[in-house]
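Student: I'd like a close look at one part of this model, taken slowly. Could you pick a helix pairing, walk me through it, and then follow the threads that lead away from it?

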Amino acid sequence: MNIISMTATFGKLAGATLALKPGLNILTAPNECGKSTWAAFLTAMLYGIDTRERDRAGHLAQKTRYQPWSGAAMAGEIRLEWQGQAITLRRFANRSGPFGGFEAVYTATGDPVPFLTAANVGETLTGVSREVFVRCALVGQGETAVTPGPDLERRIAALATTGEEDVSYSATDRTLKDWRNRRQANRATGLIPQLEEKLAQVEGVLAHTAQARHTQARARQELAELRARREQLEARLSQHQAYRQQGLNQRYAQAKAQQAQARAQLDALPAPDPRFVGLTAAQAMEQAGRFAQQGQEHSRQRQQAQTRRQALSGAMKLWVPLLGVGGLLLIILGFFLTVYPLSFAGFGCMAAAVILAMALVAKMGKYDKILYAPAPSQGESAQEAMQRYLDWLTQRGQLEEQLRYAGARVADLEAQGAQCPTGSVPTPTGDPQVLTAQLRQVEGQMAQWRSRLDQATGALGRDTLEGESRRDQLQGELAQRREEYQALTLALEGLEEANAALRQRFSPALNEKAGQLLTRLTGGQHRGLTLARDLSAQVEQQGVSLPHSQLFLSEGAQEQLYLALRLALCDLVAPQAPLVLDDTLAYFDDTRAAAALELLGELAQERQVLLFSCHRRDAAWGQAHGAFVTRLQET
């Protein structure tokens, strides 16, 4: 991937354009002239801006930090070459936020690039995720040190295994620890303490069985007395209800008689023409039209069949006798002249006559079926039948409406509780309102005692039937969770052993590459290094027998160590990405800066390198060694 130019309305950059070339680009400018902004702009164009990031004390979110100073909307464009194709990337503001809009087109035609989206453009063009890019290929100002991360860890681990990048030691370790903590994080939290607490509760419930039995016996006695009282009150109220029901039943009998009369008239309605049964009026008219068309089509088919049958009959009268007589003559002539091939030809003619006759008879039979098939109804009779069917539909609709009305009245009376009259009812005694109030009071008392009975019975049922089972279940679950806790502990130990073995596989390659680069950057003063899992280093120094921690190095030497590590990682895990360095050589003395520039020049033969610098020495070196050197415009 080679960047041709970048145009940015981003932070202090107001429509600024930066032209680049393949290989090593040395971009110089004093401090606060936009070098770091250009580096951030390139990252944002490739990977977008996280709109969920918020400002906090001592830190500004990217969407805030790089809001254009001019007040214009954030926007940018990058023209680049990738795999032999010229592509233009554009990002702009939309409703989703700054740089929420995205466009990728072929530079020559303006046609969209179908496989590039706002979400995948950076990883597609560079071959790595944002996390890997900023930890390897982007060396920000004062950020030379490399920090580990899950994506970078997966990328490095893939070099030592089969190339799979969907598993991370740190992520798996964290997941297993989360699972183990869910079982038991300490003495008070986790599934195991919860199960122990539930088990204690179940055992406590079993202790209340005796009290539940006593409550059950008393509730049954009270309910028996209240049921007897309720039956007396319901009997007296039923007498009042029967008296009111008598008038309702009489109206119900009248409605039933009207309903029966309407149903009888509907049942007496004669059946419609079977050709139109089940059709609406519109469908019946359409059906009559089809009958007329069928009659015309039948007449046309009969005429064709009759014509063709006459032709076949003529052919049969001509060719069958001709072939038969000709064949017979050939047979006789062949026998008399002893020319037997003539006889055989005669037999062939007679066989042909028979076959032709059979074929013609079969064909004429087909046309006879058409000629003698019954004709469909004529158009005129179909129209008359249709009119009769329409009249039938109208009459049936009127009768059904009458039946619906009568049925609705019957249903309404039935909803009110009407029944067929069964005889006269005597006048009841007592005030129904007083009786109803007394019945409600009794039912309220019964509900209270029934609730107590249900609670006692439920407690006894749980204690006697489910208590032991529940206790056994909790004990089994508790044993299972403890086994899971032990298994997860063993899994974490095995994961740590596997990770140590994996580091033994990929560490030598990374150590060797980074050590070679460090030796070049320091002029041979440091011979090599050994990296830990957190990417901290032990350095082998010239004239010192034992390796020592990077913390003993000067600040400049540490910058050179981490630059060597960055370049090694970039070479191993991000070979397609451009290398971006923002004032990375600020702490290098002139000798080591020249060594670093020489190394970057060699790396630039394989990938594009962008070195932002505030030192004139870097620009002078670049001009002397053929690098593309440009001075950024001050904004």
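**A helix pair and its surroundings**

Tutor: Let's start with helix 13 (residues 555-573) and helix 14 (residues 590-603), whose axes come within 12 Å and cross at roughly 5°. Angles under 35 degrees count as roughly parallel, so helix 13 and helix 14 are roughly parallel to each other. On the helix 13 side, the contact is made by A557, Q560 and L567, and helix 14 brings R592, L599, L600 and L603. Sort those contact residues by type and you get five nonpolar, one polar and one charged. Keep in mind that this is a predicted model.

Now stay with helix 14 for a moment. Its buried residues are R592, A593, A595, A596, L597, L599 and L600. R592, L599 and L600 also belong to the contact with helix 13, so you can put a burial label on those three: each of them is buried. As for spacing along a helix, here is the general point to hold against that list: an α-helix has 3.6 residues a turn, so residues three or four places apart point the same way.

The length of helix 14 checks out too. Its 14 residues, at 1.5 Å each, should span 20 Å, and the end C-alpha atoms are 20 Å apart, which agrees. At the N-terminal end, helix 14 is capped by D589, with a side-chain oxygen 3.2 Å from the backbone nitrogen of T591.

Step back a little along the chain and you reach D583, in the loop between strand 11 (579-582) and helix 14. D583 has a phi near 50°, a positive value in a residue other than glycine. Is D583 buried or exposed? Its relative accessible area is 8%, and the cut-off for buried is under 20%, so D583 is buried.

It's worth setting Q83 beside that one. Q83 also has a positive phi without being a glycine, near 55°, and it too sits in a loop, the one between strand 4 (75-82) and strand 5 (85-94). The burial goes the other way, though: Q83 has 62% relative accessibility, so it counts as exposed.

Next, a thread that leads away from helix 13. R566 falls within the residue range of helix 13, and V134 touches R566 as well as T43, not counting residues up to four places away in sequence. V134 itself is in helix 4 (residues 130-136), and with a relative accessible area of 27% it is partly exposed. V134 and T43 are 91 residues apart in sequence, yet 8.2 Å apart in space, C-alpha to C-alpha.

Follow that contact to its other end and you land in helix 1 (residues 35-47), where T43 is found. T43 is buried, with a relative accessible area of 4%. Setting aside neighbours within four places in sequence, what does T43 touch? The list is G48, R130, F133, V134 and L138. R130, F133 and V134 lie in the range of helix 4.

T43 has plenty of buried company, since helix 1 is mostly covered: twelve of its 13 residues are buried. Among them are W38, F41, L42, M45 and Y47, along with K35. The span of helix 1 agrees with expectation as well, with 18 Å expected from 13 residues at 1.5 Å a residue and 19 Å between the end C-alpha atoms. Just after helix 1 comes G48, which takes a positive phi of about 80°, and G48 is one of the contacts of T43.

Two loop residues give you further pairings across the sequence. W69 lies in the loop between helix 2 (62-65) and strand 4, and it is exposed, with a relative accessible area of 64%. W69 touches G11 and K12, not counting residues up to four places away, while its C-alpha atom is 8.9 Å from that of T9, 60 residues away along the chain. S96, in the loop between strand 5 and strand 6 (97-106), is 45 residues from T51 in sequence and 8.3 Å from it in space, C-alpha to C-alpha. The side chain of S96 also makes a polar contact of 2.6 Å with the side chain of N94.

Finally, the wider setting. The protein chain has 15 helices and 13 strands, and 38% of its 635 residues count as buried. Among contacts with a separation of 6 or more, 69% come from residues 24 or more positions apart.

Note on methods
Residues numbered from 1 in each chain as written. Predicted model: local features only at pLDDT ≥ 70, side-chain atom pairs only at ≥ 80, totals over all residues. Heavy atoms only, no water. Axes fitted to C-alpha atoms, helices over the stretch in contact; angles between N-to-C directions. Helix = DSSP H or I, 4+ residues; strand = E, 2+ residues; numbered from the N terminus. Parallel < 35°, antiparallel > 145°, perpendicular 65-115°, else oblique. Contact = heavy atoms within 4.5 Å. Nonpolar A, V, L, I, M, F, W, Y, C, P; charged D, E, K, R; others polar. Buried < 20%, exposed > 50% of the residue type's maximum accessible area, 1.4 Å probe, protein only. Expected span 1.5 Å × (residues − 1). Polar contact = N/O pair within 3.5 Å; in protein donor to acceptor, adjacent residues only side chain to side chain.
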